[in-house]
Amino acid sequence: MSKVVTHEEFKKHQSKSDFYVLIHDKVYDVSKFLDEHPGGDEVIMAEAGKDATEAFEDVGHSDEARALLAGMLVGTFDGGDTFVKKKKTIAPGSVKPSSSDSGSSITYLLPLAALGAYFAYRFYFQG
Ligand code: HEM
């Protein structure tokens, strides 16, 4: 089982009759399964050459579906530096720069400052 599939190798198997899919750092040969997939072959083929982990997990596949995967295992994926996998947790732009924090505190302080100014105005000019 310990076969290592490189990105180069992975890319060679992206036709309908010879299709590899990458899920959780493992490469699976789903060529024979494509026609049987309850979700259709298109959705799997849309993940050609990509990390299909997110697509696979988003559907919430059953344990049976996961068990099927085991039977189609080719090996472990090693994309080297040429392949950037999707990272679910750290999406670009999802981490706000710290400067935007001061932005939110200004929106919070401004009405307070306006209120303070209003009472100061009343105190000096109408008292
Ligand atoms: C390549 C490995 C995959 C296997 C072995 C697999 C297996 C299965 C199985 C057995 C089902 C029936 C429901 C269940 O048991 O969860 C299913 C449903 C489904 N799968 Fe996959 N799947 C794979 C990949 C994908 C991918 C990459 C997508 C991309 C979006 C996908 C989308 C769906 C959808 C949308 C359904 C629901 C179909 C329906 O209920 O009408 N699957 N899959």
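This tour moves from the ligand to its shell and then to the paired strands. The model is predicted: local features need pLDDT of at least 70 and side-chain atom pairs pLDDT 80 or more, while totals for chains, interfaces and linings use all residues. Residues are numbered from 1 along each chain as its sequence is written, and side-chain values use heavy atoms, with hydrogens and water left out.

**The ligand**

Select the ligand and the 18 residues around it (those with a heavy atom within 4 Å); Phe-33, His-37, Pro-38, His-61 and Ser-62 come nearest.

Next, display three side chains and their polar contacts (here, pairs of N or O atoms within 3.5 Å). A polar side-chain atom of His-37 lies 2.7 Å from a ligand nitrogen. For His-61, a side-chain N or O atom is 2.8 Å from a nitrogen atom of the ligand. In Ser-62, a side-chain N or O atom is 2.4 Å from a ligand oxygen.

**The shell**

Colour by element (DSSP runs numbered from the N terminus: helices, H or I, of at least four residues; strands, E, of at least two). Strand E3 (18-23) and helices H2 (41-45), H3 (53-58) and H4 (63-70) each give two or more residues to the shell. H4 gives the most, with three residues.

**The strands**

Now select E3 and strand E4 (residues 26-29), which pair (at least two DSSP bridges) in the antiparallel sense over four bridges. Ile-23 stands opposite Lys-26 in E4. Two residues lie between the strands of this hairpin, where His-24 takes a positive phi near 50 degrees.

Finally, add strand E5 (residues 73-78), which pairs with E4 in the antiparallel sense over three bridges. The bridge partner of Tyr-28 in E5 is Leu-73.

Note on methods. A polar contact is a pair of N or O atoms within 3.5 Å; within protein, one must be able to donate a hydrogen and the other to accept it, and residues adjacent in sequence count only if both atoms are side-chain atoms.
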